[in-house]
Amino acid sequence: MDIENYVRAGLEQIDSGDSELYQASVLRRIHAMDKGKRRWTYRSRTVGVTLATACAVLLAVGGILAARQGAMTASQKPLSQKTLQADMISLLPKGSKLLPYNPQIVSHFKMGKSSLVYGAVFQNPSVGSGIALAQEQKGRLSLLWTNTVFGVPSMISNPDLLHNGEHELVLIKGSPSVTSNEKVEVLRFTGTKVTPILTGTASQIDNGKWKTGSTMTQFAFWSYGYGGMYDIRMYQWSGSKGKYMLTPNEQFPLYFKRYVVPYYTNQLYHGQPVNRSIAYGLSEALYDAGQYKASLNMINDGMRIPWASQFPTNMEFTMLQKMVQSKVRSTN
């Protein structure tokens, strides 16, 4: 797929009304593909460049969400920002200071079954920086959850990941590059308890619906490996476990066909110099996309690239080749 068609497909996905985190991810990818016309070397570098744009998208959608939530709770008398801030400070360790975080210092989110949760970012000289979540009880806030290990998030999103009307909270921290990752934490509110349902780090995070028959959102975490190649981990919701679980990549052929194969194809044929790692990454992506013949052809092409000291060696290519051939035999 050429860059123009790729961008057009991305814009169509934004128009589809998927979650705000996914929309921001598409915008990051479109921006990266545009840079690829000149010379696109590393996918993760584009994320830091477009972080401000992504934040703006999330905050704009968050503002719409807040307005919608306000309409839903019109029967409740809202607490003033002054009251919310005073209550939140009283719940935090002594010496804590609330940090400005748009659209308001204390924001509200829809989490769980028709529950409004208030959130604020804070800093404390003794315990560090973090985020606190609270719920209103009899006109006062009651602390639900706090975390100073995560630090100050660079993005906060409030999507309905399970598409059941019970929104979750997605926290992302960091300005990633080739050598650094984003920290991600996804929180769910059930009853009176906030629990993490997905925690990890990645150079790039995507979310969407890429599994046939599933209405729930899946996640793709990209982590930088060798020579422009990435370790891609796929997560899907497990009702029995009550959290997102690592799932084999080959269960999501649509994602790899739509995003990963075009990424490596662009890298291999428009980047300089020709790279064995990228050829290997494309071979893996084609396998996960279910395109086994193309994967075998790419493996053969990759092994013809002069080895020098580049990873992988022909041994790694041969191991992947045997795996693809085994899949071909089992599907015939």
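Before we start, one term: a residue is buried under 20% relative accessible area, exposed over 50%, and partly exposed in between, using a 1.4 Å probe and protein chains only. This is a predicted model, where local features need pLDDT of at least 70 and side-chain atom pairs count only at pLDDT 80 or more, while totals for chains, interfaces and linings use all residues. Residues are numbered from 1 along each chain as its sequence is written, and side-chain values use heavy atoms, with hydrogens and water left out.

**Exercise 1. A hairpin and its turn**

Work out how S4 and S5 pair, and describe Lys138.

Solution. Step one is the vocabulary: helices (H or I, at least four residues) and strands (E, at least two) are DSSP runs, numbered from the N terminus. Two strands count as paired if DSSP finds at least two bridges between them.

Step two is the pairing. S4 and S5 run antiparallel and are joined by 7 bridges. As one landmark, look for Ala134, which stands opposite Leu143 in S5.

Step three is the turn. Lys138 sits in the loop between strand S4 (128–137) and strand S5 (140–147). The hairpin has 2 residues between its strands, and Lys138 takes a positive phi near 55° there, although Lys138 is not a glycine. With a relative accessible area of 88%, Lys138 is exposed.

**Exercise 2. The sheet that starts with S6**

Find the strand order of the sheet that holds S6, S7, S8 and S9, and say which strands stand at its edges.

Solution. Start with the order: this open sheet of 4 strands reads S6-S7-S8-S9, with antiparallel pairing. Strand S6 (155–157) and strand S9 (193–202) stand at the edges; each has a single partner strand, so one side of each has no neighbour in the sheet. From one strand to the next, the twist averages 15°. (Axes here are lines fitted to C-alpha atoms, for helices over the stretch in contact, and angles run from 0 to 180 degrees between N-to-C directions.)

Now zoom in on one pair. S6 and strand S7 (residues 169–173) are antiparallel over 3 bridges, and Ser157 has Val170 in S7 as its bridge partner. In the loop between S6 and S7 you'll find His163. His163 is not a glycine, yet its phi is positive, near 55°. Its relative accessibility is 36%, so His163 counts as partly exposed.

**Exercise 3. A sheet with a helix on it**

Describe the sheet S10-S11-S12-S13 and the helix that packs on it.

Solution. First, the sheet is open, with 4 antiparallel strands in that order. Strand S10 (204–208) and strand S13 (243–247) are the edge strands, each pairing on one side only. The twist averages 25° from one strand to the next.

Next, the helix: H6 (residues 253–270) packs on the sheet and touches S10, strand S11 (218–224) and S12, where contact means heavy atoms within 4.5 Å. The direction of H6 makes about 165° with that of S12.

Last, strand S12 (residues 230–238) pairs with S13 in the antiparallel sense over 5 bridges. Trp237 stands opposite Tyr244 in S13.

**Exercise 4. The two sides of H9**

Sort residues of H9 into buried and exposed, and find what covers the buried ones.

Solution. Buried in H9 are Phe317, Leu320, Gln321 and Val324. They cover an arc of only 105° around the axis, which puts them on the same side of H9; the arc is that of the directions from the helix axis to the C-beta atoms. Over on the other side, Met315, Met319, Lys322, Arg329 and Ser330 are exposed. The cover over the buried residues includes helix H7 (276–288) and helix H8 (292–304).
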